[in-house]
Amino acid sequence: ELKTYFLKSCNFANNKINTSSISVKWWDCFYECLKGSFENKIQMDIDYKLTGNELAFNFGNIYGKVQRQWFNQFRENIPSKDTMRKAIENNSAFLAFKSSNRINGINTSSLSFDVTLLENSENFIAYFDFTLNKNNI
């Protein structure tokens, strides 16, 4: 099982290097922001909402945090907001745009994605499982 996970991780890394798609880079930065420092940290129920396998967030709020991480990680500027949004909406994990969704007690527009279909979904799922169950350890 560990060997299978390692092979999947290596394949993911090779795919990211070979394709360098902005969508893959976005989700890589998003994931790093989940674990990141206070300034760039994306927090559950504050910056995003997780309902089952559905990840929902306000793109404008998350873009700023991912933008800082993108530069730190890739030493290049992130594509424009419009270009980036179109790229992630073309991802197979994209579910819907919602004009009204309650996140952090505020009604806001949001983009929704199926976590199980994201690039590197195993890491996202493991992180969310840990976050949801950390008080039960």
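The following exchange concerns cysteines, a helix and a sheet in a predicted model.

Visitor: What should be known about the model beforehand?
Guide: Residues are numbered from 1 along each chain as its sequence is written, and side-chain values use heavy atoms, without hydrogens and water. In this predicted model local features need pLDDT of at least 70 and side-chain atom pairs pLDDT 80 or more, whereas totals for chains, interfaces and linings use all residues.

Visitor: Why is Cys29 not counted as bonded to Cys33?
Guide: A disulfide is a pair of cysteine sulfur atoms within 2.5 Å, and the sulfur of Cys29 is 6.6 Å from its closest cysteine sulfur, that of Cys33, which is too far for a bond. By this rule the count is zero disulfides.

Visitor: What makes Cys33 buried or exposed?
Guide: Buried means under 20% relative accessible area, exposed over 50%, and partly exposed in between, with a 1.4 Å probe and protein chains only; Cys33 has 0%, so Cys33 is buried.

Visitor: Why is α2 called largely enclosed?
Guide: Because 11 of its 14 residues are buried, α2 is largely enclosed by the rest of the structure; among the buried ones are Trp26, Trp27 and Phe30. Helices are DSSP runs of H or I with at least four residues, strands runs of E with at least two, numbered from the N terminus.

Visitor: Why do β1 and β3 count as edge strands?
Guide: Strands pair if DSSP finds at least two bridges between them, and the open, antiparallel sheet has the order β1-β2-β4-β3. β1 (48-51) and β3 (94-103) each have a single partner strand, so one side of each lacks a neighbour in the sheet.
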